Structure formats: structure tokens, C-alpha cells
Amino acid sequence: MGVRIRSPRDFWAGVIFLSFGLCAVVVGRDYPVGTARQMGAGYFPMVLGGILTLLGVLVCLRSLLAAGEKPEAFGVRPLLLVLVAVGAFAASIDTIGLVAATVLLTVIGAAASPESRWHEVAAVVVVLLGVAVGVFVYGLGLPFKLLP
Amino acid sequence: MDLLANLHTGFGVALTLTNVMYCFTGVLLGTLIGVLPGIGPVATIAMLLPATFTLPPVSALIMLAGIYYGAQYGGSTTAVLVNIPGESSSVVTCLDGYAMARKGRAGPALAIAAIGSFFAGTVSTLVLALFAPPLAQVAFQFGPAEYFSLMVLGLIAAIVLARGSLLKAIAMIVLGLLLGLIGPDTNTLFFRYTFGLPQLEDGIGFVVVAMGLFGFSEIIVNLERRARREVVMAKIERLMPSRQDLADSWKAVLRGTGLGALLGILPGGGAVLGSFAAYTLEKKIARDPSRFGKGAIEGVAAPESANNAASQTSFIPLLTLGIPSNAVMALMVGAMTIHGIVPGPQVMSERPELFWGMIASMWIGNLLLVILNLPLIGIWVRLLSVPYRLLYPAILLFCCIGVYSLNNSATDVGLALFFGLLGYLFVKFDCEPAPLLLGFVLGPMMEDNLRRAMLLSRGNPAVFVTHPLSLALLLVAAALLLVVVVPVVRRKREEAFVE
């Protein structure tokens, strides 16, 4: 009995909007608002934050009334490993250089697909290292730190 | 004739050996990446943007435009051969294109797509050259109130045309506007929403957002779905369409071109809308609608002409008013800004060589596409048969390098990661990300014009309805919104998108 979420996709979308809206309002609460004539830094974001919060609430409420589909299942392995791979690239590119970052990204990223074969991954790493160094560093002259 | 003189200037710029080279490189790279399933034009442009940094502005824009329609065309190739739309504007091409390919007629399908696109490209280049100058004149009369109302209209149109729930589309736009405000306030230099992080003090780059929402999240979703991909490897025996094919499709090409060119100009419009509308129209007026979906050549010719026409005419609002009308144009704004060009009506008068050179290059690019693609179809087929597990690490790496090299900032890569996660959630919860990117680029512009309009009117909001141009724009926006809310039209809209 009582309230039931009939449309989970809408409900969670509403939650995302609601949290961004609230965050905008709460974080921006002390920004100078100014007047309608002389708008301060806080005026526009505060209005938008308010609208977004309201929209989030509306989307959530609607999900309790109208039925909708469940979200597709989350593929935990591709999601996590792709994110970790990109994170590893971000963490290593400035510290230990492009070569190591490329290897990390490719190896962790390749693990995201259950179809990857290790001997193929090794070949992909070699090819991508060649492209990254050859095209981006020497070809386009982008300023990368190459090695530690 | 002014037009001829202008086109002469344009071709003078675009036909220099270096610029033809850049146009060719752009078209080739765009097609190459566009052919890969799951990477649309937005991610393709974002990925290749760093490659244009060192070029002079004219060459850079020519190359970027080339990448755009190359990616567009590459997407159609994937649609026909693998039944996976390379990007959303070729979704409808899948229906009849893939059906034709299974009957062994992939060659004529791809050829008619190329021929239709070329014809549409030629016509819409002319439309652009004819209509841009008078529109730019109108734009010079725009004050801040008019600009604000125009952006409202653009955003409303984007909402109306987005698939799925209206409320969610509005929320995505508002979220985009908000994210666009992160960083220093342009008027008071007050830092907003930086959470004390110095890395956020310049705001978030549009490439970062685009790459996260359209690049990373698409890779994850592709890996998850691992749809059976079945490339039609049957030998493409005949490339050229038969006399009968041409007789069947020339009218569809004409109709698609007209519809696409018209819809492309609309704010919020663009290639996706054009191709959907053209397909629906063909099906409506066909003598025997049941042939559609089973390999009717009109079902390939019309949407392919329409999406190319629309992708070109969608440059009109950008080049004349400085307002991007869809996600790809939002990226072009960013690209122009990087090269120190402020998009708007003044580009045409202050940098005629850039404006007309770009327009002329569009026609050259379309010609190159035909010359390039018909003989290279065999190579694209072979590329498509490379398994995704070997391709995606490369896509991932190029995305990362693309984001990093914008500012040599590892933080940007981290931020793109965050937007990748957000984009993934949006896919799961049925929220279309394109309106967010549009809002993101328009956010600061909208705030700036709102402020200036209110300052000039001494705080009186009536300024938006007392200026006739501004009022007209707002009325159109209101009418659009009303049209979607009215149930009858709403049902029609859903039908159109279901097809």
C-alpha cells in the first residue's frame, strides 16, 4: 500500500535533477544576488537552481503516478573498468608520462570487455603506443611528458 | 552580383592547395571515425579538435566542417552495412538501407546516399550563400533583449524536438545552463560553484562535457550491449544504381533536400529532425507504403539527402546570429572561440575571407566525399569487420588525449570522467544529453544578454515584450511549446519518433 515508484527511470532522473538543483541553491546561497536592474553573480544561478529543483520534484512525483519501464541492468564491469582506466590515465599523464599512461589506459580499458584476449591486447598496446608517440608527439607536436 | 563576387572570394580561399588538403584530411578523418559504430559527430569533432589547434583559423574551420559532414556520411555507411546507426541522424537509414544490403544491394544504397548527399550539399551551400547575408543584416538590429528571446526560442525548440519526456528535456537544458555558469562571472569576476578548486576557476571546457556525455558514456554502453554485429560481407557487386533506381529516387532526393534545408535553419533543428521528417514524408506519399522497411531506395535517398542538407543549413543561425542551434554547432562555437573568432553577424563583414571560404569549402568537401567514398567503400567494409574489442581501446585513448591536450590538464580528463558517468546514468534513465550541451554553451551568453537587457530597461522586465522583434520571437516560442502540450500533436510527435 501507499506510495510506489511506478516509473524507476523517471524517478532516478528526477533525483539527479533535484540534487543538482538543491546543490546550486545551497552552494550559491551567499552569492550576491543584486537587483533586477543590476544583477549580481547569484541572480541567474539562483533562478535556474530553483527551476531545476522544481523540475526534479515534478519528475519524481510523476514517476509515482504514471507507470514506466525499469532501467536496463547496469553492466558493472564495463562501467567500473572504463572509468578506472580513464582515471588511471588522468593520474599518470602528468606524473609518469604518456607512455605509461597509454599502457595503463589500454590494459585496464581492455579488461572492460570480456571478449578481450591478452595476446591481442598486447598487440593493441604496441600499436597505440606507436600512434600516440608518433602522431601526437612527433606529428602534431603536442607537448607531452613522455617518460618518468 | 554580390553573390558571385562573394563566392569568388570564397573559392579563392578554399581552393588554395593547403585548404583543399585540410578539407580532404577533415573529410577523410571524419568518415574514418564516423564509420566506427557508436561514435557520433559530436565525439568525433571533440576528439579531433586538438589536431586543428596549430592551423590558421580558416584552415581549422574548413577542416572541422569537413570532419562534421565526413562523420555524418560515415554514420550512414555503418547504418547500411551493419544496421547500427553511426549517429542518430542515420537511424532511419538503417531501416531500408540495411534491408537493401541484405538483398545484396548495399552498393546502390551507399551510392544513392552519396549522390543524394552531394546534391543536397550543393543546394544547401547555395541556400547558405543566399540567405546568410540578409539574415546577418537583421541580426545587426538585435539588442540584448532580442538575443535573449532568440535563445529562449532556440532552447524551447530543442526541447520540443528532443525525444521522450518534455519535462526531462527542460530539466536537461536548465542543468546545462547551470553547468555553463561554473567559473568566473563575466561581469563581476566572482567565482561561482568552484568548490574551492583552482582547476574550476576557468569554468569547465565544452569539450570536456561533450567528450564525457557523448564519448565515454557511449563506449561503456556499447560494451554493455555487445549487440550481435553482422556485417553484410556479401560482395558488393554493383556499386552504381540502375536506371530504375535513379528513376525511383530522384524525386525523393529533391523532397529530402528541400525539407532538410528548411528544418536545418530552425533553431533546435538539424540533421536528426531532417532525416526523420523526410523518411516519414516519403512513407506518407508513397503509392505502396508497405515497401518501406523492406529495401525501398527512396527510404535511403530521402533521409540521407535531408540530413546532409540540414547539417549544412544549421550553420546559418551560427554564422549569422552567433547562436548554435544544436550540439554540433555548440562545439563549433567552442572551436571558433579557441581560434579567437566570436561567432556572430560581424564575422561576415570583418572576416569575409573566413566566412565565404568556409562556405565554398563545404561544396568542395561534398564533392570530395563522393569522390572519396564510392571507391573506398571496400575499405570501410573491412574496417567494420574489425571487432569492437580491438577498436574501443583506441577510441578511448584518442578521447583521453583529445581532452588532455586542450589545456594540457589532467584535471580536465578527470572532469570528463565525471561527465562520462553522468552521461551513462542519463542513458539509463532516458534523458537525452544533446539539450544539456546546448544549454551549457548558451548559459553564459543568456545570462549576459539578460543582464544587459535589464540594465538598459532599468530593471523593467517588460522590455522583452515591448520590443517587437523580441515579442515575435517569444510568441513563436510560446506557440511551439503550446503545440507540444496539446495532446493531439503530442501523439503525432510520439508516432514520428517511434518510426
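Tutor: Before we start, one definition: two residues are in contact if their C-beta atoms, placed from the backbone, lie within 7 Å. In chain A, among contacts between residues at least 6 apart in sequence, 63% join residues at least 24 apart. Keep in mind that this is a predicted model.

Student: OK. What share do residues 24 or more positions apart have in chain B?

Tutor: They account for 80% of the chain B contacts with a separation of 6 or more.

Student: How do you know how confident the predictor is about chain B?

Tutor: Look at pLDDT, which runs from 0 to 100. Chain B has a mean of 85, and 93% of its residues reach 70 or more. Among the elements of chain B, α18(B) has the highest mean, 94, while helix α22 of chain B, residues 487-498, has the lowest, 56. Where pLDDT is low, the predicted coordinates should not be read in detail. For the complex, the predictor gives an ipTM of 0.93 and a pTM of 0.86.

Student: What makes the radius of gyration of chain B agree with that of a compact globule?

Tutor: Set the two values side by side. For 499 residues, a compact globule would come out near 23 Å, and chain B has 22 Å, so the two agree. Along its principal axes, the C-alpha trace of chain B spans about 70 × 55 × 50 Å. The chain has 22 helices and two strands.

Student: And how does chain A fare against the globule value?

Tutor: For 148 residues the globule value is near 15 Å, but chain A has 23 Å. Its C-alpha atoms fill a box of roughly 55 × 50 × 20 Å along the principal axes. Chain A has five helices and zero strands, giving the pattern α-α-α-α-α along the sequence.

Student: What percentage of each chain counts as buried?

Tutor: In chain B, 62% of the 499 residues; in chain A, 35% of the 148 residues.

Student: Why is Gly70(B) called buried?

Tutor: The cut-off for buried is 20 or more other C-beta atoms within 10 Å. Gly70(B) has 32, so Gly70(B) is buried. You'll find Gly70(B) in helix α4 of chain B, residues 57-82. Leaving out residues up to four places away in sequence, Gly70(B) touches several others, including Gly26(B), Val27(B), Thr31(B) and Leu369(B).

Student: Why is Asn187(B) called partly exposed?

Tutor: Exposed needs 12 or fewer such neighbours, buried needs 20 or more, and partly exposed is what lies in between. Asn187(B) has 16, so partly exposed is the right label. Asn187(B) is in the loop between β1 (183-184) and β2 (191-192) of chain B.

Student: Leu189(B) is in the loop between β1 and β2 as well. What makes Leu189(B) exposed?

Tutor: Leu189(B) has 8 C-beta neighbours inside 10 Å, and the limit for exposed is 12 or fewer. Therefore Leu189(B) counts as exposed. Leu189(B) also has a positive phi of about 55°, although Leu189(B) is not a glycine.

Student: What makes a positive phi worth a remark?

Tutor: Most residues other than glycine have a negative phi. Arg458(B) is another case, with phi near 55°. Arg458(B) lies in the loop between α19 and α20 (463-466) of chain B, and with 10 C-beta neighbours inside 10 Å, Arg458(B) counts as exposed.

Student: Why are α6(B) and α16(B) called roughly antiparallel?

Tutor: Check the angle. The axes of α6(B), residues 106-140, and α16(B), residues 352-384, cross at roughly 175° and come within 9 Å. Angles over 145 degrees count as roughly antiparallel, so α6(B) is roughly antiparallel to α16(B). Among the α6(B) residues that meet α16(B) are Leu110(B), Phe118(B) and Leu128(B); among those on the α16(B) side are Ile359(B), Trp363(B) and Ile377(B). By class, this contact has 14 nonpolar, six polar and no charged residues.

Student: Last one: how many residues does each chain give to the contact between chains A and B?

Tutor: Chain B gives 52 and chain A gives 61. Elements that give two or more residues to the chain B side include α8 (166-180), α9 (206-225) and α17 (388-407). The largest share of that side, ten residues, comes from α17(B). By class, the chain B side has 36 nonpolar, six polar and ten charged residues.

Conventions: Residues numbered from 1 in each chain as written. Chains lettered and ligands numbered in written order. Predicted model: local features only at pLDDT ≥ 70, side-chain atom pairs only at ≥ 80, totals over all residues. Helix = DSSP H or I, 4+ residues; strand = E, 2+ residues; numbered from the N terminus. Nonpolar A, V, L, I, M, F, W, Y, C, P; charged D, E, K, R; others polar. Axes fitted to C-alpha atoms, helices over the stretch in contact; angles between N-to-C directions. Parallel < 35°, antiparallel > 145°, perpendicular 65-115°, else oblique. Rg over C-alpha atoms; globule rule 2.2 N^0.38 Å.
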